[in-house]
Amino acid sequence: MDFKEGLLTRRSIRKFEKSTVSQAEIEDILKIAMYAPSAKNLQPWEFVVISEPKALAEIKAFHPYTSFIEEAGQAILVCGDVAVQHKEGNWVTDASAATQNILYACHEKGLGAVWCGIFPDADFMTWFEKKFELPEHIKPLSLVIFGKIETGFEARQPSTRFKPEKIHWQKW
Ligand SMILES: Cc1cc2nc3c(=O)[nH]c(=O)nc-3n(C[C@H](O)[C@H](O)[C@H](O)COP(=O)(O)O)c2cc1C
């Protein structure tokens, strides 16, 4: 896939069919995640790979926008380390960059993926912290649900998002 084409054709995918993504493929996805930019190159991200059916079912029961998680079969909890970040808040910027890299890595592999929000919802954060036994200094940012796209499902191409009026040259 051409790089620019990949950037322009990625969509959130919520239609999956049961299939296991291999550990090697998941590690490759996470390798790409770890090549994201980060403040001072501190790379404060941490990842929890979740595929146990019970855990997936519990996430679905708790998080209202993850109804497709069991069909997908796996997810990555993207976290940031507040003890490693450069400045307060950089765990969010840096874990977000890693999250986006995961979405593109999945797209490049022909896998479906969607960024499910955790931060900044305090209740969501607390639930994931407890459920996945995160240490005090590790904060959950997003949950990327990913897997084999349902056979026959074709994501619609994004409508034009380019809005020249959002570009301000030299000054607002
Ligand atoms: C911070 C954030 C939180 C999101 N949370 C969810 C979510 O909980 N569930 C979901 O299905 N999609 C979620 N999305 C995906 C957005 O709905 C999606 O990116 C947006 O509609 C644009 O569509 P696209 O990704 O296909 O371009 C989230 C995206 C972001 C960036």
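A residue is called buried when its relative accessible area is under 20%, exposed when it is over 50%, and partly exposed in between (1.4 Å probe, protein chains only). With that in hand, let's work through some exercises together.

The model is predicted, so local features need pLDDT of at least 70 and side-chain atom pairs count only at pLDDT 80 or more, while totals for chains, interfaces and linings use all residues. Residues are numbered from 1 along each chain as its sequence is written, and side-chain values use heavy atoms, with hydrogens and water left out.

**Exercise 1. Place leucine 143 and describe its surroundings.**

Step 1. Find the element: leucine 143 sits in strand 4. Strands (E, at least two residues) and helices (H or I, at least four) are DSSP runs, numbered from the N terminus.

Step 2. Is leucine 143 buried or exposed? Its relative accessibility is 0%, so leucine 143 counts as buried.

Step 3. List partners, where contact means heavy atoms within 4.5 Å. Beyond the neighbours within four places in sequence, leucine 143 touches a set of residues including Ile50, Ile59, Leu77, Trp115 and Phe128.

Step 4. Add a distance: the C-alpha atoms of leucine 143 and glycine 117 are 6.5 Å apart, although 26 residues separate the two along the chain.

Step 5. Step back to the strand: 10 of the 11 residues of strand 4 are buried, so strand 4 is largely enclosed by the rest of the structure.

**Exercise 2. Draw the sheet as a strand diagram.**

Step 1. Put 4 strands in the order 1-2-4-3, with antiparallel pairing, and leave the sheet open. Two strands pair if DSSP finds at least two bridges between them.

Step 2. Why is one side of strand 1 and of strand 3 left without a neighbour in the sheet? Strand 1 (45–50) and strand 3 (111–117) stand at the edges, and each has a single partner strand, so one side of each stays free of a sheet neighbour.

Step 3. Add the twist: on average, neighbouring strands are turned by 25° against each other, direction ignored. Axes here are lines fitted to C-alpha atoms, for helices over the stretch in contact, and angles run from 0 to 180 degrees between N-to-C directions.

Step 4. Now cover the sheet. Helix 2 (residues 23–33) packs on it and touches strand 1, strand 2 (74–81), strand 3 and strand 4; the helix direction makes about 160° with that of strand 1. Helix 6 (residues 122–131) lies across strand 2, strand 3 and strand 4, at about 80° to strand 4.

Step 5. Mark the bridges. Strand 4 (residues 138–148) pairs with strand 3 over 7 bridges and with strand 2 over 8 bridges. For register, set tryptophan 115 opposite valine 144, alanine 113 with phenylalanine 146, and aspartate 81 with isoleucine 138.

**Exercise 3. Check the length of helix 5.**

Step 1. The expected span is 1.5 Å times one less than the number of residues.

Step 2. Helix 5 (residues 90–108) has 19 residues and should therefore span 27 Å; its end C-alpha atoms are 27 Å apart, which agrees.

Step 3. Look at its cover and its end: 14 of the 19 residues of helix 5 are buried, and the helix is followed by glycine 110, with a positive phi near 80°.

**Exercise 4. Which residues surround the ligand?**

Step 1. Count a residue as near if one of its heavy atoms lies within 4 Å. The surrounding residues include Arg10, Arg11, Ser12, Arg14, His63, Tyr65, Trp115 and Arg161.

Step 2. Pick out polar contacts, pairs of N or O atoms within 3.5 Å (within protein, one must be able to donate a hydrogen and the other to accept it, and residues adjacent in sequence count only if both atoms are side-chain atoms). A side-chain N or O atom of serine 12 is 2.5 Å from a ligand oxygen. Ligand nitrogen atoms lie 3.1 Å from a backbone N or O atom of tyrosine 65 and 2.8 Å from one of tryptophan 115.

Step 3. Look at histidine 63, in the loop between helix 3 (53–62) and helix 4 (69–72). At 2% relative accessibility, histidine 63 is buried.

**Exercise 5. Describe the backbone at proline 120 and glutamine 43.**

Step 1. Phenylalanine 119 and proline 120 are joined by a cis peptide bond, with omega about 10°; proline 120 lies in the loop between strand 3 and helix 6.

Step 2. Glutamine 43 is not a glycine, yet its phi is positive, about 50°. Glutamine 43 is in the loop between helix 2 and strand 1 and is partly exposed at 38%.
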